[in-house]
Structure formats: structure tokens, C-alpha cells
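Me: I would like to go through the terms used for this model and the values behind them. Please set each value against its definition.

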Amino acid sequence: MSRSRILQIILALLVLLGLLLWLVSTLVNLYAGLANFSPVLANVVIWLVIVLIAVLVGALGYYAWLFLRPRQQRLPPRIPEARTEAAEENLRAVQHQVDQIQDEVARQAFAERTKRVEEYLARGEIRVVVFGTGSAGKTSLVNAVLGEIVGQVGAAMGTTTEATTYKFRLPGIERDIWLTDTPGILEAGVAGTGREQLARQLAAEADLLLFVVDSDLRKSEYDPLRSLADSGKRSILVFNKSDLYPDSEIEAVLSQLRQRVNAFIAPVDVVAIAAAPQEVQLESGDRFQPTPEILPLVRRMAAVLRDEGEDLIAENILLQSQRLGEEARQILDTQRRREADQIVDRYQWISGGVVSITPLPMVDLLGAAAVNAQMVVEIGRVYGCEMNVERGKELALSLAKTLVSLGIIRGATEVLALALQTNIGTFVIGRAVQGATAAYLTRIAGKSFIEYFRRDQTWGDGGMSEVVEQQFQLNRRDEFIKRFAQEAIARVIEPVRSRLDET
Ligand SMILES: Nc1nc2c(ncn2[C@@H]2O[C@H](COP(=O)(O)OP(=O)(O)O)[C@@H](O)[C@H]2O)c(=O)[nH]1
Ligand SMILES: [Mg+2]
């Protein structure tokens, strides 16, 4: 508690004490006066007065408490509920996915980004990001805006080599506004594409984008602006350095710009400013420094944030969380894919080996396919689906039947026979082809199952046969078959040949 506060309280107590003494003496006098006439009346009056005073003191205390009680911190208004909940749910799902990412670096980076979005959701500030070509005047704009609104360029909240963020408030908006200055689009060849990457990322995460240009739009400006705006990014196009143009030309440039971006930015959202106007030489020879001309932007920004701020934030948070989810899904998919592919690789040579040692009549390739039950179970596990071998067998068998009905077994046999013929002697051709075919069919089956599990255990609209057919087509290109045959010779056929040679 500050000293002045303590002094105030002591003073108030003294005054109160004085009042109390005065009150008591007045009451005593009153009682004495009344008691002369009637002691009973004196008693009644005194009690009445005491009760009245007690009520008064009570009421006074209550209002004092109302006034002095610690005021609750004003929370920023709630972001529109439904979208917030959707975003929260997305983030929980993303967290679950992130936990499964095995690559340490990717997981860290991802956790970091998820945290950023979560914090953003909790804090609920409005993020305005300044983006555009290098030296269009982004930094000058930020300084001028802060100068206009805050009266000075305050301390940055955070500066990295990539971006600087400032915090301020606008009247009528109950949220903090974060204004971020980025290096924007750098000249080609400048070291630091990473910096540009981050600037683009920040632009993509913004609630409101201030896109700065200093003349008509170049292609290197139009393209990113267009793609940001197309992705739903609320944008204001700022034409800076207007002090370099005579008034008549400013209008011309403005309408040119408005026309160019007409499809995705409303005309009112294209404004002209002079964030750091050049010094001018007066006719008298004196030099004169004009003040920044930034009001059109500040007004428009304030209007947009006031009218649409809440929606922009809600929309943006949802979008961010969805994007995170989408990216996490992709990373996980690639990771699972790699694991599942390894499983298929392993099993294809196992079944190739089994068949080449104990050659089966063609029909029994069906039986061999049933050997693949274990493969199905393992692929399922990679995709977080636990199933027993019985179910695996069922799936493998129905897939083998599909292979037969589609004529893929015969097709594969022919293709591989052709590829192998030129490579090995005819005396082992039968077994070799059977072994290689079994390996190949296992591969097709495995790849088909990967698709099945990727799609949450459904075969899609075209059913199992469409998936299988697709995998067959993907795995029958000449080049691939040649390579596959080579590997089959090394892994399946050479062992058989050497065993035959021994006997
Ligand atoms: N004439 C004029 N020059 C400006 C204006 N705004 C910025 N500049 C100049 O443009 C140059 C680049 O500005 P800066 O803010 O650093 O651009 P940034 O790279 O986009 O951050 C500097 O020399 C500024 O003085 C303006 O409104 N008028
Ligand atoms: Mg700058």
C-alpha cells in the first residue's frame, strides 16, 4: 500500500472519530434535555436515533464497499462461440496427431506452432501484419501509425531478425492490437529467403493484412496479394509515398490500383498515404519537412477492426487450426506411409521366398495370399487399427479373390515371365516366375491395404476392385517391372538356383 493511501486512511479515521465524539456528546445532551420532561420519551428517541444512525452507517459502508472493492479485470469479449469451439476441438485433434509424429524436429516445430495458435486463441488479440515489397515503406508506415495513435513509437514487444511487433489500443475496440512489421517480399538474390518465408507465414496468420506498395502493382506483388486475398485474408492495399505524386496523379494511381484488385479487394480498402514524406525545398530556399499523411489508413483500419474485428478473429483462428490439422495429417500420412511401405517390402519377399521353395499350382496363389494376413494386421497397426489375424485373413482372402477376378494374377505372371526370361535359364523359370509373381501380388495387395487403412478402413466408392486395379496400374510400368524382376532374381531366384546347384 502506498504511503499516501495510508495517510488518507488515517485522516479518514480521525475525521470519523471526531464525528463519533460529536455524535455521542450531542446524543448525551439530547437525552439530558428530554429526560427533564419524560425519561421514557428520552429513551425511545435515543434508541430511534441510534437505529437510524446504524442503518445510515450500514448503507454508507455498503456503497463504500461497492466503490472500493477490487475491480474485476475486464476480459476481452468472447470470440463467437461456435467457431471458437470448433477451433478448440481442432487443436485437440492436432495435439493428438502431433504426439504421433516421430521426427523430432518436425514434432518440435509443430508443437511450437500449435502452441502459438492456442495462445492466440486464449489472448484474443487482433493481429495486423504489414507486408509488401522491400522499401515500399513498411517500417515508415508502422512508425507513422504508432505516431498517430500512440503519439510515439513505443518499445517493440518482440524483435527478431525477421519481424518486429508493437502493441496498441484503438478507442472502441476492446482488444489489444498487435502491429507487426515484416521484411516482406525481398529482392531476388538477397540472402535470407528464410526471412521472406517467415514474413509470408506471418502474413498468412494475420487477422488483417496491410499490403504496402509505392506505385502501381508489380507482378511480384500482385501474385502474393491475390493468393492471400483468395484464401480469405482480409486486406487493405496501401499506396505509400503519395507525396512523390501531384494530387491529380494520386487519384489516377489509386483508381488504377482499385481496378486491378477489384476482384478481391473493395475500392474503399485501397488507400493512399505518405508515411515518411520527403523534405521539400520552399521557394524562399527554406527546407520544410511535411508531416506524415497517414489518416486515411488509420481511419479505414479502425473502421474495419470495429465492424469486423470479432468475426475476423474467429474466422482466422478456425482457419489456422484447420490448416495446422491439415498439415499434421499430411506429415503423419507420409510417416505412416513410409512405415507401411517397409512392411509391404518385407512381406513381398517373404511370400516370394515361400512360394519359390514350395512351388504351388497357380490357383494356390490364393492360399499364398492368405499368408499375407500377418501383413494386413501389421499395416493396420501402423494406421492405429488393431485387428486379429482372423480378420486379417478374411481381408487378405477377399483381396486375393479380387486379384483373380480382375485377371491380375495371370497378367502379373505374364509380365514377370517376360521380364525374367531374358535374365535366367529356363530350367528354373517355372519356380522363379511363381516366386516373383507371389512377391509382386503381395506387393499389390499390400499397397491396396495401405489405401484401405488410409481411408479409415473403407475402399471408397469404387470398392475394393477399383483400388486394386489402381495399384496394379501404378505398379506395372515397364521400368518398375524391370527393377522388380532384378530384385526378385537377387532375393528369390538366386537362393533357389544355388540350392538346386548344390543338389
Ligand atoms: N517520399 C517518401 N518516401 C518514403 C515514404 N515512406 C517511406 N519512404 C522512404 O522509403 C525508404 C524505405 O522505407 P522503409 O520504411 O524502410 O521501407 P521498408 O523496407 O518497406 O520497411 C526510406 O528511405 C523512406 O524514407 C513516403 O511516404 N514518401
Ligand atoms: Mg522495413
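Reply: The turns below take up the ligand, a strand and some salt bridges. This is a predicted model, in which local features need pLDDT of at least 70 and side-chain atom pairs count only at pLDDT 80 or more, while totals for chains, interfaces and linings use all residues. Residues are numbered from 1 along each chain as its sequence is written, chains are lettered from A and ligands numbered from 1 in the order in which they are written, and side-chain values use heavy atoms, with hydrogens and water left out.

Me: What makes the pair formed by S135 and ligand 1 a polar contact?

Reply: A polar contact is a pair of N or O atoms within 3.5 Å; within protein, one must be able to donate a hydrogen and the other to accept it, and residues adjacent in sequence count only if both atoms are side-chain atoms. A backbone N or O atom of S135 lies 2.7 Å from an oxygen atom of ligand 1, so the pair meets the cut-off. For G137 the corresponding distance is 3.0 Å.

Me: Why is strand 4 called largely enclosed?

Reply: Buried means under 20% relative accessible area, exposed over 50%, and partly exposed in between (1.4 Å probe, protein chains only). Strands are DSSP runs of E with at least two residues, helices are runs of H or I with at least four, and both are numbered from the N terminus. In strand 4 (residues 177-181), 5 of the 5 residues are buried, so the rest of the structure largely encloses it. I177, L179 and D181 are buried on one side, W178 and T180 on the other.

Me: How do you know that strand 1 and strand 4 pair?

Reply: Two strands pair if DSSP finds at least two bridges between them. Strand 1 (residues 126-132) has 5 bridges to strand 4, in the parallel sense, so the criterion is met.

Me: Why do E451 and R337 count as a salt bridge?

Reply: A salt bridge is a side-chain nitrogen of Lys or Arg within 4 Å of a carboxyl oxygen of Asp or Glu. The N to O distance for E451 and R337 is 3.6 Å, so the pair qualifies. E451 lies in helix 14 (residues 429-454) and R337 in helix 9 (residues 295-357), so the bridge ties together parts 114 residues apart in sequence.

Me: Is E451 buried or exposed?

Reply: E451 is buried, at a relative accessible area of 10%, whereas R337, at 24%, counts as partly exposed.
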